[in-house]
Amino acid sequence: MQLPATRRAPDRAAALAQYRRRAAFYDQELVLFEPIRTEAIESLDLRPGDTVLDVGCGTGLSFEPLHSLVGDEGRIVGIEQCPEMMAQARDRVREGHWDNVELVCAPAATARVAGLADAALFHFTHDVLRESASIGNMLAHLKRGARVVASGLQWAPPWVWPANAFVLLAAMYSVTSLEGLGHPWDKLARRLTDVQVHSALMGSVYIARGVYQPDLH
Ligand SMILES: C[S@@+](CC[C@H](N)C(=O)[O-])C[C@H]1O[C@@H](n2cnc3c(N)ncnc32)[C@H](O)[C@@H]1O
């Protein structure tokens, strides 16, 4: 088995296997990061009626807060490549009685979504953010001026070594390549304007936001 530290790029098959194993207990593992989710979703500036993409939606932990902002007249599209994670997302949608959540079980690089969205969330999706094809395909489904937010693990400054020990352990378990962990948002940011990035949890987590401009490559 190849370790994330030795891979130079994400490996979709390895990511699929990783989340197939984690799906049953994923929600419990994410508890520490829930305040980051709240902040990331607030940064999307969603309005009632908006359409939002939840890229790498996992088990759908973001659906309830997203739904509370876009309302019944809005639309949430969850994109996720792992069928076991998606099965839990589907159960969550059924239990929430949300008619306006669509689920697309496909890799971000090839997923197809009808229409153009007002916003996109990439919450703890390092592998997706390190693949230009995934970023390109997801952004192609956004309106000009759409709000985009990415959040997740990053290397803290080197002197905060306990935080970096934590990042290393968490990343070995949740991503397939450590490439770009010092600046996970940079490929995405090249396609956005008004980019703002800030850190939390002793520098071990980032939240980046910006505005999509189709003319930037
Ligand atoms: C750490 S989880 C985050 C899940 C969710 N965003 C959340 O906030 O809980 C990363 C998710 O990205 C999915 N994923 C990884 N690579 C992907 C890809 N290329 N296309 C779509 N989903 C992907 C994984 O299957 C996993 O569900």
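Biologist: Is Cys 82 buried or exposed, and at what relative accessibility?

Modeller: Buried means under 20% relative accessible area, exposed over 50%, and partly exposed in between (1.4 Å probe, protein chains only). Cys 82 has 1% relative accessibility, so Cys 82 counts as buried. This is a predicted model, in which local features need pLDDT of at least 70 and side-chain atom pairs count only at pLDDT 80 or more, while totals for chains, interfaces and linings use all residues. Residues are numbered from 1 along each chain as its sequence is written, and side-chain values use heavy atoms, with hydrogens and water left out.

Biologist: How many disulfides does the structure hold?

Modeller: A disulfide is a pair of cysteine sulfur atoms within 2.5 Å. The structure holds zero. For Cys 82, the nearest cysteine sulfur is that of Cys 105, 7.4 Å away. Cys 57 is also buried, with a relative accessible area of 7%. Its closest cysteine sulfur, again in Cys 105, lies at 8.7 Å, which is too far for a bond.

Biologist: Which residues of helix H5 are buried?

Modeller: Helices (H or I, at least four residues) and strands (E, at least two) are DSSP runs, numbered from the N terminus. H5 covers residues 83-96, 14 in number, and reaches 20 Å from its first C-alpha to its last. That is close to the expected 20 Å, the expectation being 1.5 Å times one less than the number of residues. Its buried residues are Met 85, Met 86, Ala 89 and Val 93. Down the axis of H5 they fall within an arc of 95°, so they line one face of the helix; the arc is taken over directions from the helix axis to the C-beta atoms. Arg 94 and Glu 95 are exposed, on the face turned away from the buried side. Just after H5, His 97 takes a positive phi of about 55°.

Biologist: What covers the buried residues of H5?

Modeller: Contact means heavy atoms within 4.5 Å. The cover includes helices H1 (12-22), H2 (26-29) and H4 (63-70), along with strands E2 (75-80) and E3 (101-105).

Biologist: In what order do the strands form the sheet?

Modeller: Two strands pair if DSSP finds at least two bridges between them. Here seven strands form an open sheet with mixed pairing, in the order E3-E2-E1-E4-E5-E7-E6. E3 and E6 (192-200) stand at the edges, each with a single partner strand, so one side of each lacks a neighbour in the sheet. Strand E1 (residues 51-55) pairs with E2 in the parallel sense over five bridges, and Thr 51 stands opposite Arg 75 in E2. H4 packs on the sheet, touching E1, E2 and E3, and its direction makes about 155° with that of E2. Such angles run from 0 to 180 degrees between N-to-C directions, with axes fitted to C-alpha atoms, for helices over the stretch in contact.

Biologist: In which sense do E6 and E7 pair?

Modeller: They pair in the antiparallel sense, over seven bridges. Leu 192 has Tyr 212 in E7 as its bridge partner. E6 and E7 form a hairpin with four residues between them, and Leu 201 in the turn has a positive phi of about 50°.

Biologist: Which residues of helix H3 are buried?

Modeller: In H3 (residues 34-42) they are Ile 36, Arg 37, Ala 40 and Ile 41. Their arc about the H3 axis is within 130°, so they line one face. They pack against H4, E4, E5, E6 and E7. Pro 35 and Glu 42 are exposed on the other side of H3.
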